[in-house]
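Thanks for passing this one along. Here are my notes, set out so that you can follow them with the model open beside you.

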Amino acid sequence: MSRIQITFDKLKQQQRKALIPFITAGDPSQPLTVPLLHGLVSAGADVLELGVPFSDPMADGPVIQRASERALKNGMSLRGVLGMVAEFRKQDATTPVVLMGYGNPIEAMGWEVFAQRCAEVGVDGVLTVDFPPEESHEAFEHLQRHHIAPIFLLAPTTNEARIQQVAKLARGYVYYVSLKGVTGSGSIDLSAIEDKLPQLRKHIKLPIGVGFGIRDAATAKAVAKLCDGVVVGSRIVQEVENSTEQNVVANVSKLVRELRQAIDQ
Amino acid sequence: MYNYPDSSGHFGQFGGIYMAETLIPAVEELRQQYLRFRDDPEFKAEFAYELKHYVGRPSPIYHAKRLSDSLGGAQIYLKREDLNHTGAHKINNAIGQALLAKRMGKKRVIAETGAGMHGVATATVAARFGMECIVYMGAEDIQRQAPNVFRMKLLGATVVPVESGSKTLKDACNEAIRDWVTNVESTFYIFGTAAGPHPYPMMVRDFQCVIGNEAKVQMPEMIGRQPDVVIACVGGGSNAIGLFHPYIEVPNVQIIGVEAGGFGIASGKHAAPLTANAKVGVLHGNKVNLMQDENGQIIETHSISAGLDYPGVGPEHCLLKEIGRAQYVAINDDEALAAFDSLCRFEGIIPALESSHALAHAIKIAPTMAKDKVLLVNLSGRGDKDMNTVARIKGITL
Ligand SMILES: Cc1ncc(COP(=O)(O)O)c(C=O)c1O
């Protein structure tokens, strides 16, 4: 069984919801990424989304754009991110790690090499923002062969036929983008999520995580009631941006602990 | 028979719909609506009417005789897209998409722009059809193309400076996509070149094919036959594919696309992905030859002309190169400037710096060819917008 499945099964038994924080690899610096990942887990994260920086992050708002710029300036590459996961795995053999980013760095490495490296270092899932199911045949084939879960996004604009298409390909969990917009924008409409979820559940048998626009503990708590996992990205990356290298792990851990408590209430 | 893209929007291995999920239903709706109206007689009639009465088509073909004589070789003919309303080929596509937006009930249009010509064209059609218009433009391009920024504002558009990344066309595209994802229901994205997610490369090509379709009728009228070579500059590739596509299955017509060589291919500071054999990658919704580093990060490009300063190129050009039907070459900044000067002095025509690249290649090869050979160059735009750039290079303050 995969780490992702084990994690969600365990949470289900405990009647708890997953907390899935996102950070960008290499932000604020390369040496701090692995300590940050461990800090997230200690503070109560269940699944880690690790952003692979890209020069043209079209689906991201200003906060994650700036994080990508900082990371690239720090010399972060896809190769480097995979190395960080290997480093992380030395001390943590159980927490699932999902790489999230855009397709071109993977295309440049080649899907076969990438999928093999993911398996070697202990990556559990891959979410490629700009690769919809229609363009994911090659990616899917290689990821499947190496037992890496292809994670797909669903959006408020996704119709039933597409939900079915995603249901066939998705492994691990499905990420529902809770608003029309880039990461970190707007505020989410809880009733709209509530309305959409039954349509998703009809076809998606995997756990459903909800993200985009979750900025505080109260919202995290409300969203957790509706789905299986809460993804928090920009708010955490903002905390990284506002911290110093000395206090970033402590500050981010404190924030994640608050989110954890709210979700578990 | 040459028939691309396939039903999934691919030109061989190129093209596709590489977009975030939120926008996939929007591009799918666009595809369906475009296919519905493309052959609709009323849509076609309205498009033809606007092109004739608003844009001023057909654009003439002009024999640049003094220039040709000075070179002593092949005859250079110019397809005068610079004479269109708003001064470039961009308006052909902007009208087509605006008519579609109108039928889809979208009252807000957005666009990206590099040189500002597509921004001006979009602002123009938005005024013409009573739509709200937002144009995203890199902060660096706003500096380079100040007159066009003012034109867009006069036309009632909001120009949003983009400060991220290289502050040029690719970053303007990123920002326009971010707007679209946020306002997907109310907004039509009038994309300015024959690239992006399906159906844009096909749709923009179809609207721009008026260029080549006219030329195919005009050349036999003027010289009794088709040209030996058709030449156009390639940024994203819309003016080029508009001229080339109708000639793809015409035998014995050579097709040459001219990319921006910047400081030279060897310098690495250029915008010529096809000439430099850039690796295939994914950006802005399509798989194309793309200027990138070994880690798959998009690299900053350089060209004297903002409209060519883009790291990718439309998927159909990638295919035409791969199957050998078209050839792609690069012209450096200084060669383009020399061609710019030549056309001013020999013919009394001030070309856009983008178009000057196509012209420069014609000037380069004409002397190597016999006097009865004919080169048809797409003069994609006029140079008024480039006065500041050219003056600065010549050390003149306006
Ligand atoms: C006059 C002119 N020619 C050419 C281009 C390049 O675009 P494309 O390759 O889509 O024709 C531009 C773009 O701004 C332009 O303004």
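The points below take the ligand and its surroundings, then the contact between the chains.

1. Please keep in mind throughout that this is a predicted model.

2. Let's begin with the ligand's neighbours. A shell of 18 residues surrounds the ligand, and the closest are B:T193, B:G235, B:G237, B:S238 and B:S380. By class, the shell holds ten polar residues, six nonpolar ones and two charged ones.

3. Which polar atoms should you look at around the ligand? In the side chain of B:T193, an N or O atom is 2.5 Å from an oxygen atom of the ligand. The backbone contributes too: a polar backbone atom of B:G236 is 3.2 Å from an oxygen atom of the ligand. On the nitrogen side, a nitrogen atom of the ligand lies 2.7 Å from a polar side-chain atom of B:S380.

4. How much of the ligand's exposed area does the protein bury? The ligand taken alone exposes 390 Å², and the protein buries 98% of that. As for location, the largest cavity is where the ligand sits.

5. Now to the two chains. Chain A brings 34 residues to the contact and chain B brings 35. Between them, about 2,800 Å² is buried, with carbon and sulfur atoms giving 50% of that area.

6. Which three residues of chain B supply more of its buried area against chain A than any other three? They are B:E21, B:R178 and B:Q297, which together supply 23% of the area that chain B buries there.

Note on methods: Residues are numbered from 1 along each chain as its sequence is written. Chains are lettered from A and ligands numbered from 1 in the order in which they are written. This is a predicted model: local features need pLDDT of at least 70, side-chain atom pairs count only at pLDDT 80 or more; totals for chains, interfaces and linings use all residues. Side-chain values use heavy atoms; hydrogens and water are left out. A residue is near a molecule or strand if one of its heavy atoms lies within 4 Å of it. A polar contact is a pair of N or O atoms within 3.5 Å; within protein, one must be able to donate a hydrogen and the other to accept it, and residues adjacent in sequence count only if both atoms are side-chain atoms. Accessible areas come from the Shrake-Rupley method with a 1.4 Å probe; for residues, only the protein chains shown count as cover. On a 1 Å grid over the protein atoms alone, a cavity is a set of points where a 1.4 Å probe fits but cannot get out, and a pocket is an open set with protein on both sides within 12 Å along at least five of seven lines; lining residues have an atom within 4 Å of a point. A molecule sits in a cavity or pocket if more than half of its atoms lie within 2 Å of its grid points. Ala, Val, Leu, Ile, Met, Phe, Trp, Tyr, Cys and Pro count as nonpolar, Asp, Glu, Lys and Arg as charged, and the others, Gly among them, as polar. Contact means heavy atoms within 4.5 Å. Buried area is the accessible area (1.4 Å probe) that two parts lose on being put together, summed over both.
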